[in-house]
Amino acid sequence: MRKQRGLSIISMLVFAFLIIPMIIIVVTSFGENPSIQFPIQGFTFDWYLNVFETNSLIQSFFLSIQISMIATILALLVGIPAAYALARYSVKGRDILKSFFLSPAMIPGVVIGYALFQFIVIQFQMPIFQGLLLGHFLISLPYIIRVVGSSLEQLDFSIEEVAWTLGCTRVRAFVKIVLPNIQAGIFASFMLAFINSFNNIPVSQFLSGPGVTALPTSLMNYIEYNYDPTVSALSVLLMVGTVILMYIIEKTLGLASIS
Amino acid sequence: MTYVDLKDIRVSYDGKNNILKDLNLSIEKGELVSLLGPSGCGKTTTLRVIAGLIEPNDGDFVVDNKNLTRVPVHKRNFGMVFQSYALFPHLTVKENVGFGLKLRKEDKTTMNPKIQDILEVTGLAELGDRYPKQLSGGQRQRVALARALVIEPKLLLLDEPLSNLDAKLRVQMRIEIKRIQRKLGITSVFVTHDQEECFSISDRVAVMNNGIIEQFDTPEEIYNRPKTEFVARFIGFENFFNLTKQGEKTYTTSEGHMLKTSQSWDDTKLVATIRPDDINILPKGTEQDTNMIPGKVVVRTFLGKSYQYEVETNVGKILVNGPKETAYSSGEELLLQFPEEKLILV
Ligand SMILES: Nc1ncnc2c1ncn2[C@@H]1O[C@H](COP(=O)(O)OP(=O)(O)O)[C@@H](O)[C@H]1O
Ligand SMILES: [Mg+2]
């Protein structure tokens with residue numbers, strides 16, 4: 001009994017530790033004072049309006065959406081077949097291959113960003129946009145392969161074999177039988193990879209140029225010159241967006257499917 | 001006339017160990033043949049070679065005089081029922097069953113009656129709109145069967161289809177499978193490790209061991225005259241001991257007891273075997289005759305319908321079942337009589 005009380009106190013503290021900064025951000029976004037303050041004086045929605053009036057932020061927001069969307073879709077196109085091959089065929093170097101595909105998740109983003117910047121942008125003169133896309137593709141791929149891979153591992157492959165005996169070619173059986181049964185995993189991996197890519201700073205930091213700046217980078221630049229609650233307001237908007245996405249995932253598949 | 005022919009099929013998964021070792025099997029049209037054997041002996045592998053899910057390393061697979069060895073699985077038109085049923089979870093019963101027909105681009109007007117017919121035959125008429133997870137084990141089994149049958153396959157392949165059902169349903173389903181198979185006259189290969197199931201359903205049984213077929217015969221023939229020690233052990237023979245041939249149908253044990261058999265066997269077969277049920281127990285002192293071996297009870301076990309004795313004799317320990325009216329106690333001496341027609345040499 002005593003022990004349990006001790007545990008619940010600890011978990012309360014942890015919870016508070018996690019939630020307090022968020023509460024502070026939400027609260028500060030409504031403050032009237034032009035520098036971030038806590039507690040706040042007055043109450044205003046001005047900073048929210050300011051978010052939509054600050055061109056650099058809006059531009060970056062749409063760029064980030066675009067980059068994350070395209071990168072995640074590309075990662076799906078590569079990741080689903082790769083996850084399938086890894087789950088289905090007991091190829092010799094399977095474990096090595098698996099680690100290779102998952103390696104971007106283990107290498108610090110800074111390193112990926114720097115490497116891409118150094119070799120792709122400087123050496124091969126690739127435009128920033130494509131470089132950024134490539135970076136985000138790389139950090140998305142491991143999520144896709146892991147989440148789709150785990151739903152493939154739960155799938156009884158004999159349903160695919162039955163489809164072959166009924167007259168399906170391999171490609172057709174994959175499309176008509178495998179894909180519908182890993183839909184949930186594909187959706188979850190898409191959401192996860194997208195959110196992760198959208199929030200990513202280290203990779204984006206290195207890959208920015210005139211007119212091509214991801215939102216987190218823009219935000220950091222903005223803070224450097226203006227320490228006003230616009231940043232808080234934007235953060236709140238992003239949090240709300242993420243919560244809505246998470247709610248959709250939870251509703252459609254349950255959070256358990258992503259952990 | 002042979003319809004399905006497996007000729008010297010060799011399969012190796014790793015390139016070193018042969019899982020099937022030059023396996024030969026000929027099946028006639030309309031027959032239901034079982035592959036019977038212990039787990040790991042290669043039954044599933046054989047069935048997968050037939051289905052086209054595995055390409056054999058060597059050998060030929062012929063159906064109806066056409067060599068199908070290199071024909072891919074989706075072009076063979078064989079129906080297959082998996083142990084796990086392998087129903088498509090995202091499709092209803094009707095859609096599961098109609099899946100093969102749809103691929104054949106059948107017209108709705110010919111397709112729907114076919115689906116309806118097979119659902120009737122398999123007793124699923126009421127369940128067409130349910131999803132697999134809303135069905136019981138027996139019903140899933142029927143859907144898997146219906147789905148395999150509706151494409152009018154040249155061959156029906158069943159891999160331990162009843163092993164996930166409870167005992168009562170298993171008996172019911174095997175009668176059902178037999179009935180449908182007869183009705184449609186479809187050539188079938190049925191994999192099982194259950195002797196009773198296999199004997200009750202099959203026209204012929206191939207007993208497999210370690211990648212080869214040890215014996216391929218009717219159930220009666222296998223039950224009464226197993227050809228190898230492995231087959232004999234697998235179908236319930238006990239009591240193996242050596243014999244020396246003396247003359248036509250006459251043998252002696254290592255201790256000089258004379259044993260006669262009712263059938264003649266080739267010279268090389270010198271191990272005798274008999275089922276515990278087939279040995280008669282006589283009291284000590286009965287007039288000595290041929291096919292008698294004296295012994296002493298070591299252990300008595302009550303089996304319900306009879307007693308089982310472990311009897312020490314000079315050919316080794318012999319298991320005997322005796323009527324429950326007369327119980328011999330351990331230590332008691334008695335005579336074992338081996339009826340000529342029940343003594344098998346392998
Ligand atoms: N995909 C595979 N890869 C490697 N070995 C296998 C594979 N499938 C089966 N085997 C091996 O082949 C042998 C025969 O297996 P199987 O045909 O499934 O036997 P059964 O169906 O009679 O139980 C077993 O020793 C098994 O371990
Ligand atoms: Mg098997």
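In this predicted model, B:Arg10 has a relative accessibility of 23% and is therefore classed as partly exposed, a description that also applies to B:Asp58, for which the relative accessible area is 38%. The side chains of B:Asp58 and B:Arg10 are joined by a salt bridge, with a nitrogen-to-oxygen distance of 3.1 Å. This contact connects distant parts of the chain, since B:Arg10 belongs to strand S1 (residues 2-11) of chain B and B:Asp58 to strand S4 (residues 58-63) of chain B, the two residues being 48 residues apart.

A further salt bridge in chain B is formed between the side chains of B:Glu176 and B:Arg142, where nitrogen and oxygen lie 2.9 Å apart. Because B:Glu176 is located in helix H5 (residues 167-184) of chain B and B:Arg142 in helix H4 (residues 137-149) of chain B, the pair ties together parts separated by 34 residues in sequence. With regard to solvent accessibility, B:Glu176 and B:Arg142 are both buried.

The side chains of B:Lys317 and B:Glu310 likewise meet in a salt bridge, for which the N to O distance is 3.8 Å, and this value falls within the 4 Å cut-off that defines such a contact. B:Glu310 has a relative accessibility of 25% and so counts as partly exposed.

Salt bridges also link residues of chains A and B, in a network that consists of A:Arg88, A:Glu160 and A:Glu161 together with B:Arg48. Over all chains, the count of salt bridges comes to 19.

Note on methods. Residues are numbered from 1 along each chain as its sequence is written. Chains are lettered from A and ligands numbered from 1 in the order in which they are written. This is a predicted model: local features need pLDDT of at least 70, side-chain atom pairs count only at pLDDT 80 or more; totals for chains, interfaces and linings use all residues. Side-chain values use heavy atoms; hydrogens and water are left out. Helices (H or I, at least four residues) and strands (E, at least two) are DSSP runs, numbered from the N terminus. Buried means under 20% relative accessible area, exposed over 50%, partly exposed in between (1.4 Å probe, protein chains only).
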